[in-house]
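Here are my notes for you on this model, written as numbered points. Have the structure open while you read, and look up each residue as it comes along.

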Amino acid sequence: MKVTTAALPLLPLFQRLLPGLPGLPGLSGLPSVPGLPDLAGLPGRLTGLSLTLLKASALEAAILAGHLLLYPSGIIQERHPVQALRPTNDRDDRDARDNRDARDRDPQPSPPLPRLPAPVSPPVVLLHGFIDNRSVFLLLRRSLAQHGRHEIESLNYSPLTCDIRTAAELLGRHVEEICERTGSERVDVVGHSLGGLIARYYVQRLGGDLRVRTLVTLGTPHAGTKVVPLANAHPIVRQMRPGSAVIEELTRPAPGCRTRFVSFWSDLDRVMDPLETACLDHPDLSVQNVRVSGIGHLALPVHPTVATGIRQALDTAGPETDGETSTDPGKHSGGLTVA
């Protein structure tokens with residue numbers, strides 16, 4: 001196979017697409033780089049990459065179409081079911097009337113209602129991404145419920161929200177209400193895209209680590225994303241840019257943070273620029289970064305393989321789940337192949 005210097009400008013592009021691609025051998029006037037025989041397999045590798053991109057793009061389009069149909073069902077804020085009343089009979093009615101009459105004759109302060117026993121697993125709070133709503137979690141919610149998670153709640157924040165800090169405060173109030181209602185001391189949170197950034201701000205900057213046991217993020221721009229510069233017209237998009245005030249706040253020290261972080265990031269996520277921005281790297285946080293291969297941004301909260309990874313992340317016990325500070329924070333790696 002003949003290789004000319006005309007192909008050299010394309011080599012960095014190929015090496016970025018295929019990190020394992022070797023360099024070129026010695027050419028006239030160029031330093032020797034071993035590995036020319038491996039270039040014979042380049043067409044096949046590019047074909048495989050193209051097929052993977054094609055499959056991922058088709059899946060993203062299908063998910064987008066389905067989500068547009070479901071979107072209206074998630075606009076209204078989630079309502080919490082009211083516990084059914086116990087059936088009564090005539091004797092129960094007479095006893096209730098007698099008790100009310102006795103209280104009227106001799107009023108006494110009512111004792112506080114006992115708190116519900118804490119569930120075996122903490123409640124799971126689902127937080128959607130930018131210009132989205134809770135309908136994006138339909139399949140994930142079903143998967144969690146089928147595997148024993150019975151306390152699952154979603155929080156909608158308005159698409160008109162212009163500040164991540166404000167949304168984080170809303171999340172904090174929502175978490176407190178859930179803990180009060182369920183009797184649980186802590187919750188787990190799953191945040192998609194911007195939702196993960198909002199939850200992280202709540203944990204790191206608003207004391208949410210006292211309430212959040214595990215925070216799972218899906219395609220969240222932890223270091224900021226540069227995609228779609230024209231979207232800067234929206235203030236919350238500007239806060240998701242690298243170097244923004246919010247991103248800078250999240251890089252500050254967070255000693256003693258008790259929340260465990262699990263960050264899922266995809267190698268085909270076109271909303272993350274660069275891709276590695278969805279990895280969380282902070283010296284004070286206990287972090288596991290999980291690479292997902294073969295799907296894009298919209299598929300992260302939908303794909304069943306990712307749902308299995310999320311369930312495993314929530315079910316994995318660690319030192320921070322016992323209310324203690326992790327003594328060995330750091331960055332760990334894992335991987336899921338879904339295509």
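**Notes on the model**

1. Let's start in a loop: proline 274 sits in the one between S5 and S6. Check the peptide bond leading into proline 274 from aspartate 273, which is cis, with omega near 0°. Why look twice at that? Because most peptide bonds are trans, and most residues other than glycine have a negative phi.

2. Before going further, remember that this is a predicted model. The average pLDDT over the protein is 78, and 68% of the residues score at least 70. Over residues 82–88 the pLDDT falls below 50, and that stretch has four contacts in the model beyond near neighbours in sequence. Residues 319–332 are also below 50 in pLDDT, but here the model shows 34 contacts beyond near neighbours in sequence. Where pLDDT is low, don't read the predicted coordinates in detail.

3. Now the overall picture. The protein has nine helices and seven strands. It has 339 residues, of which 42% count as buried. Take the contacts with a separation of 6 or more: 78% of them are between residues 24 or more positions apart.

4. Which strands pair with S5? One of them is S4 (residues 212–218), in the parallel sense over five bridges. In that pairing, valine 216 stands opposite valine 262 of S5. S5 (residues 260–266) is also joined to S6, by seven bridges, and these two run parallel. Here you can find phenylalanine 261 with valine 287 of S6 as its bridge partner, and serine 263 opposite asparagine 289 in S6.

5. Are the residues of S5 buried or exposed? Seven of the seven are buried, so the strand is largely enclosed by the rest of the structure. Try following the side chains along S5: Arg260, Val262, Phe264 and Ser266 point one way, while Phe261, Ser263 and Trp265 point the other way, and all are buried. S6 (residues 286–293) has six of its eight residues buried, so S6 too is largely enclosed by the rest of the structure.

6. Next, a pair of helices. The axes of H5 (residues 164–182) and H6 (residues 194–205) come within 8 Å and cross at roughly 70°. H5 and H6 are therefore roughly perpendicular to each other. On the H5 side, the contact is made by Ile164, Arg165, Ala167, Ala168, Leu171, Gly172 and Val175; H6 brings in Leu194, Leu197, Ile198, Ala199, Tyr201 and Tyr202. Sorted by type, the residues of this contact are eleven nonpolar, one polar and one charged.

7. Two residues deserve a look for their backbone angles. Serine 193, in the loop between strand S3 (187–192) and H6, has a positive phi of about 55° although it is not a glycine. With a relative accessible area of 9%, serine 193 is buried. Valine 228 belongs to the loop between S4 and helix H7 (235–239), and its phi is near 50°, again a positive value in a residue other than glycine. At 49% relative accessibility, valine 228 counts as partly exposed.

8. Isoleucine 247 is a nice one to click on. You'll find it in helix H8 (residues 245–250), and at 4% relative accessibility it counts as buried. What does isoleucine 247 touch, not counting residues up to four places away in sequence? Leu197, Pro221, His222, Ala223, Gly224, Gln239 and Arg241. Proline 221 is 26 residues away from isoleucine 247 along the chain, and their C-alpha atoms are separated by 9.2 Å.

9. Last, try glutamine 77, in the loop between helix H2 (42–70) and helix H3 (90–105). Its relative accessibility is 36%, so glutamine 77 counts as partly exposed. Leaving aside neighbours within four places in sequence, glutamine 77 is in contact with Arg134, Ser154, Leu155 and Asn156. Arginine 134 is 57 residues from glutamine 77 along the chain, with 8.4 Å between the two C-alpha atoms.

Note on methods: Residues numbered from 1 in each chain as written. Predicted model: local features only at pLDDT ≥ 70, side-chain atom pairs only at ≥ 80, totals over all residues. Heavy atoms only, no water. Axes fitted to C-alpha atoms, helices over the stretch in contact; angles between N-to-C directions. Parallel < 35°, antiparallel > 145°, perpendicular 65-115°, else oblique. Contact = heavy atoms within 4.5 Å. Nonpolar A, V, L, I, M, F, W, Y, C, P; charged D, E, K, R; others polar. Buried < 20%, exposed > 50% of the residue type's maximum accessible area, 1.4 Å probe, protein only. Pairing = 2+ DSSP bridges. pLDDT = per-residue confidence, 0-100.
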